[in-house]
Amino acid sequence: MNLLSIDTTTDYLSLAIRYHGKHVLFHQQVGQKHAELLLPTLDTLLAELGIGLQQLDAIAFSQGPGSFTGIRIGCAIAQGLAFANALPMMAIPTLDTIAIQASGAPALVCMDARMGQVYCAKYDAQAQRIDAIRVCDPQDVMLEDGQWNAQGDGFSHYADALLPRLAARINSVDATLRPHANALLTLADSGRYPLQPAQHSEILYVRNKIALTTREQQARRT
């Protein structure tokens, strides 16, 4: 398919377009400027290819989990573009885009969820998820017998809580992997995620809370 992919779930803005064998990418750390930069950056990428959005087949986006604000911005803009150009959408979980970047062995993906927690899930050697994405404290992440690759920035933010305890079951660690628009393009070709009308595309928050109460903050410090 000729696709636009959008990820705004972290402090990076990641956009990619694939059109009849041509490919353009923008993947840069933008802080919290996703809403400000997404549409102008998209216009630049489309101009590089000399096409309009209506010439694409679909829009794939990272549905979460991740930054609550970032997820909402990405989903809302993707839906608006899809409605305006009569395009279907494909919602893909964020952790899946991390797993697919280093497939070939079973993997534990941990992504920083802030508030002292991680989003985590396990994947088989083909980067297919084998359990539900969940949010938990790093010390509650468990691994069954076997050897696993460790992927995602949770392993840099919470290395002390994760690595010593799980080291015997971890083959390698790549804490640099993060959600990426190119990974969305790869997953869009996998057949695992259905195309849907824009109004049916959903956000995957996993966690409902966006901040700790004062009492919870004090408890974590003690």
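In this predicted model, strand β4, helix α2 (residues 68-85) and strand β5 together form a β-α-β unit that is right-handed. A good place to begin a tour of this unit is β4 itself, which spans residues 58-62.

Strand β4 has a partner in β1 (residues 3-7), with which β4 pairs in the parallel sense through four bridges. Another partner is β5 (residues 89-92), which also runs parallel to β4 and is joined to β4 by four bridges. Residue F61 helps to picture both pairings: I6 stands opposite F61, and F61 also stands opposite A91 in β5.

How much of β4 is covered? The strand is mostly covered, with five of its five residues buried. This holds for both faces of β4. On one side lie A58, A60 and S62, while I59 and F61 lie on the other, and all of these residues are buried.

The tour now turns to a loop. Residue A175 sits in the loop that links β10 (170-174) to α6 (181-188). Is A175 buried or partly exposed? Its relative accessible area is 23%, and because buried residues must fall under 20%, A175 counts as partly exposed.

The surroundings of A175 can be described as well. When neighbours within four places in sequence are left aside, A175 is in contact with G152, D153, F155 and S156. As for I130, this residue is 45 residues from A175 in sequence, and the two are 21 Å apart in space, C-alpha to C-alpha.

Note on methods. Residues numbered from 1 in each chain as written. Predicted model: local features only at pLDDT ≥ 70, side-chain atom pairs only at ≥ 80, totals over all residues. Heavy atoms only, no water. Helix = DSSP H or I, 4+ residues; strand = E, 2+ residues; numbered from the N terminus. Buried < 20%, exposed > 50% of the residue type's maximum accessible area, 1.4 Å probe, protein only. Contact = heavy atoms within 4.5 Å. Pairing = 2+ DSSP bridges. Right-handed = clockwise from strand over helix to strand, strands pointing away.
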